[in-house]
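Let's take a relaxed walk through this small report. Have a look at the picture first, then read on.

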Amino acid sequence: MPQAVQHDIAVVDNDLCDSCGLCMPLCPPEAIHMTRRGLVVDATTCTGCEKCIAPCPVGALAMTDARR
Ligand code: SF4
Ligand code: SF4
């Protein structure tokens, strides 16, 4: 059985994100990646530290319960 993620993870609302890149260097495990389709948080790398949430100027990052 795959190990379940036991904490919330960050998710990006790409309708809000303007790809400014501000959040990427703020993420300690470097879980935030820029792709051709917009920003993506790697759910298996995200530690749920929430350091990326408040700094986003447009509020595009939010925490979600990965256990659901
Ligand atoms: S919650 Fe923490 S680990 Fe997850 S993407 Fe944001 S800064 Fe990175
Ligand atoms: S800080 Fe916000 S707007 Fe900028 S790249 Fe990150 S999620 Fe997108």
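Following the chain from start to end, you meet the pattern β-β-β-β. That makes 4 strands and 0 helices; here helices (H or I, at least four residues) and strands (E, at least two) are DSSP runs, numbered from the N terminus. Keep in mind that this is a predicted model, where local features need pLDDT of at least 70, side-chain atom pairs count only at pLDDT 80 or more, and totals for chains, interfaces and linings use all residues. Residues are numbered from 1 along each chain as its sequence is written, while chains are lettered from A and ligands numbered from 1 in the order in which they are written.

Now for the overall form. The C-alpha atoms fit a box of roughly 35 × 25 × 20 Å along the principal axes. Of the 68 residues, 18% count as buried, meaning that 20 or more other C-beta atoms, placed from the backbone, lie within 10 Å of the residue's own. Take the contacts (C-beta atoms, placed from the backbone, within 7 Å) between residues at least 6 apart in sequence: 66% join residues at least 24 apart.

There are also two ligands to look at. A residue belongs to the surroundings if its C-beta atom, placed from the backbone, lies within 6 Å.

| Ligand | Residues around it | Nearest residues |
|---|---|---|
| ligand 1 | 14 residues | A10, C27, C46, C49 and C52 |
| ligand 2 | 13 residues | C17, C20, L22, C23 and C56 |

Technical notes:
A residue is buried if 20 or more other C-beta atoms lie within 10 Å of its own, exposed if 12 or fewer, and partly exposed in between; C-beta atoms are placed from the backbone. Two residues are in contact if their C-beta atoms, placed from the backbone, lie within 7 Å.
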